[in-house]
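Subject: Structure handover

Hello,

Here is the structure to look over. Please open it first, then read the notes underneath.

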Amino acid sequence: MAILPIIETPDPRLRVISEPVTEFDGALKQLVADMYETMYDAPGIGLAAIQVGVPKRILVIDLQEPDPEDEEGKRVLRNPRTFINPVFSDFTEEHSVYAEGCLSVPEQFADVTRPAELTVDWQDEDGNRHRERMTGLMATCIQHEHDHLEGILFIDHLSRLKREMLLKKLTKIRRAA
Ligand code: NI
């Protein structure tokens, strides 16, 4: 496995529309393993292949929620979920708001409103098809990650003023580094 470099805004590759996966081979499994290693190292809860420069419709997500059996609240439960060629349907009218961040827009967070629930069809690493109703943080996270496949960043959902403020802050952080 390998930790891959994560592309950051304004890299134009983040605006590319990713292509469907058609070969469910060893190279795909290797890429998915590397994406997990990269995501955990960052650390983050989701990563799209284009964020490591590969324009394929592949998402890895692990919400890493706190382990309820750990009284100190330090341990998290790992639950890696791989979504290949994800397709959405049946969005709820109801929306939820989460403070989102993105490994490609480092250290910046802003409230984004998205449908609270949706149905997702996808394929796993072996090409098998799955369908599941997504709710809560998973619903938000998978919509954020799927945006990457369409060349969209979470900052695109903000007002222009808010987006410009956030990008200015990012420039300042980079200069200081
Ligand atoms: Ni992101």
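Helices and strands here are DSSP runs, counted from the N terminus; a helix has at least four residues and a strand at least two. On that basis, P43 falls in the loop between α1 and β1 (46-48). Please keep in mind that this is a predicted model.

**Metal site**

Start with the nickel ion. Its protein donors are C102 through SG, H144 through NE2 and H148 through NE2. They lie 2.1 to 2.3 Å from the ion. Along the sequence, the donor residues follow the spacing C-x41-H-x3-H. One pair links distant parts of the chain: C102 belongs to strand β4, H144 belongs to helix α2, and 42 residues separate them. Both C102 and H144 are buried.

A reminder on helix geometry: an α-helix has 3.6 residues a turn, so residues three or four places apart point the same way. That is worth having in mind when you look at the two histidine donors, H144 and H148.

**Helix α2**

How many residues does α2 have, and how far does it reach? It has 14 residues and spans 21 Å from first C-alpha to last. That is close to the 20 Å expected at 1.5 Å a residue.

The helix is largely enclosed by the rest of the structure, because 12 of its 14 residues are buried. The buried set runs M138, A139, T140, C141, I142, Q143, H144, E145, H146, D147, H148 and L149. Two of the nickel donors, H144 and H148, are therefore among these buried residues. Just after α2, G151 has a positive phi of about 75°.

**Largest pocket**

The largest pocket holds about 460 Å³ of space. Its lining draws two or more residues from each of β4 (95-102), β5 (105-115) and α2 (136-149). Which element gives the largest share of the lining? It is α2, with 6 residues.

In total, 25 residues line this pocket. Nearest its centre are G44, G101, C102, L103 and F109. C102 is thus on two lists: nickel donor and residue by the pocket centre. By class, the lining splits into 13 nonpolar, 8 polar and 4 charged residues.

**Cysteines**

How many disulfides does a search of the whole structure find? The count is 0. Take C141: its closest cysteine sulfur is in C102, 10 Å away, which is too far for a bond. The cut-off for a disulfide is 2.5 Å between sulfur atoms.

Both cysteines are out of the open. Buried means under 20% relative accessible area. C102 has 10%, so it counts as buried. C141 has 6%, so it is buried too.

**Backbone points to check**

Most residues other than glycine have a negative phi, and most peptide bonds are trans. These are the exceptions to look at.

- The T9 to P10 peptide bond is cis, with omega near 10°. P10 sits in the segment before α1.
- A42 and P43 are also joined by a cis peptide bond, with omega about -10°.
- N85 has a positive phi, near 50°, and is not a glycine. It belongs to strand β3 (residues 81-89). Its relative accessible area is 14%, so N85 is buried.
- E107 has a positive phi of about 65°, again without being a glycine. It belongs to strand β5. Is E107 buried or exposed? At 60% relative accessibility, it counts as exposed.

**Two more residues**

Q108 is part of strand β5 as well. Its relative accessible area is 2%, so Q108 is buried. In sequence, Q108 and A27 are 81 residues apart; in space, their C-alpha atoms are 33 Å apart.

Y36 is in helix α1 (residues 26-41). At 11% relative accessibility, Y36 is buried. P68 is 32 residues from Y36 along the chain, and 23 Å separates their C-alpha atoms.

**Where to look**

I would open the view on the nickel ion and its donors C102, H144 and H148. Next, follow α2, where 12 of 14 residues are buried. Then turn to the largest pocket and its 25 lining residues. Finish with the cis bonds at P10 and P43, and the positive phi values of N85 and E107.

Best wishes

Technical notes: Residues are numbered from 1 along each chain as its sequence is written. This is a predicted model: local features need pLDDT of at least 70, side-chain atom pairs count only at pLDDT 80 or more; totals for chains, interfaces and linings use all residues. Side-chain values use heavy atoms; hydrogens and water are left out. On a 1 Å grid over the protein atoms alone, a cavity is a set of points where a 1.4 Å probe fits but cannot get out, and a pocket is an open set with protein on both sides within 12 Å along at least five of seven lines; lining residues have an atom within 4 Å of a point. Grid points are joined across faces, edges and corners, and a volume is the space filled by probe spheres set on the points. Ala, Val, Leu, Ile, Met, Phe, Trp, Tyr, Cys and Pro count as nonpolar, Asp, Glu, Lys and Arg as charged, and the others, Gly among them, as polar. Donors are N, O and S atoms within 2.8 Å of the metal (3.2 Å for Na, K and Ca); water is not among the atoms, so sites may look incomplete. Buried means under 20% relative accessible area, exposed over 50%, partly exposed in between (1.4 Å probe, protein chains only). The expected span of a helix is 1.5 Å times one less than its number of residues.
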